[in-house]
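Subject: Structure handover

Hello,

Here is the structure you were due to receive. My notes on it follow below.

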Amino acid sequence: MFSGGKDSLATSIILDEMGLDYDTFVVLQSKDGRMDLQRQLIGDVLRSTKSRRHHEVVLFEDYIMASIETCTKYKFKGIATNFAENISCIFKSVLYAAALNFDFVFGGNEEA
């Protein structure tokens with residue numbers, strides 16, 4: 001799992017230093033802004049790693065297109081917390097890893 005942040009970079013550096021072959025997996029989400037910019041920023045960091053291949057899933061959250069009236073009617077409380085988002089990305093990456101017959105999934109994340 002690779003977001004392009006300091007934790008992802010630190011995890012990649014550790015894997016590089018251990019001499020392990022690894023792929024990176026990222027989930028781009030529409031709620032995080034322009035996908036082309038996300039892809040470019042993450043790609044800039046990825047080029048400094050020894051990742052073999054890069055896998056990507058793109059998610060378009062349709063709830064952000066809902067009107068204020070709809071959100072109020074259903075007592076919408078906002079987007080998921082970072083914890084829920086991390087769990088969601090972990091689940092997606094495990095499914096992807098299983099489909100590609102990977103043995104392990106690594107994720108680096110600071111203590112919450």
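The two strands come first. Strands β1 and β2 (residues 54-59) are parallel and are joined by six bridges. Within this pairing, V27 has V57 in β2 as its bridge partner. Between the strands the chain passes through helix α2 (residues 35-46), and the resulting β-α-β crossover from β1 to β2 is right-handed. Please keep in mind that this is a predicted model.

As for the chain as a whole, its secondary structure consists of four helices and two strands. In sequence order the pattern is α-β-α-β-α-α. The chain has 112 residues, and 26% of them are buried. Among contacts with a separation of 6 or more, 74% are between residues 24 or more positions apart.

Back to β1, which is mostly covered, with six of its six residues buried. Side chains in a regular strand alternate between the two faces of the sheet. In β1, T24, V26 and L28 point one way. F25, V27 and Q29 point the other way, and the residues of both sets are all buried.

Next, the pocket that ranks second by size. What is the volume of the second largest pocket? The computed value is about 450 Å³. The lining of this pocket comprises 22 residues, and those closest to its centre are Y22, D23, F104, V105 and F106. At least two lining residues come from each of α1 (6-18), β1 (24-29) and α4 (82-99). Helix α1 gives the largest share of the lining, four residues. Sorted by class, the lining of the second largest pocket is as follows:

- twelve nonpolar residues
- six polar residues
- four charged residues

Two single residues are also worth listing.

The first is S93, which sits in helix α4. Is S93 buried or exposed? S93 counts as buried because its relative accessibility is 4%, and the cut-off for buried is under 20%. Leaving aside residues up to four places away in sequence, S93 touches M1, F25 and V105. Of these contacts, F25 belongs to the set in β1 that points the same way as V27 and Q29, and V105 is among the residues closest to the centre of the second largest pocket. S93 and H55 are separated by 38 residues in sequence, with a C-alpha to C-alpha distance of 9.5 Å.

The second is N101, in the segment after α4. Where does the phi of N101 lie? The phi of N101 is near 60°, which is a positive value in a residue other than glycine. For context, most residues other than glycine have a negative phi. N101 counts as exposed because its relative accessibility is 66%, and exposed means over 50%.

That covers my notes.

Regards

Key
Residues numbered from 1 in each chain as written. Predicted model: local features only at pLDDT ≥ 70, side-chain atom pairs only at ≥ 80, totals over all residues. Heavy atoms only, no water. 1 Å grid on protein atoms, 1.4 Å probe; cavity = no way out; pocket = protein on both sides within 12 Å on 5 of 7 lines; lining within 4 Å. Points joined across faces, edges and corners; volume = space filled by probe spheres on them. Nonpolar A, V, L, I, M, F, W, Y, C, P; charged D, E, K, R; others polar. Pairing = 2+ DSSP bridges. Right-handed = clockwise from strand over helix to strand, strands pointing away. Buried < 20%, exposed > 50% of the residue type's maximum accessible area, 1.4 Å probe, protein only. Contact = heavy atoms within 4.5 Å.
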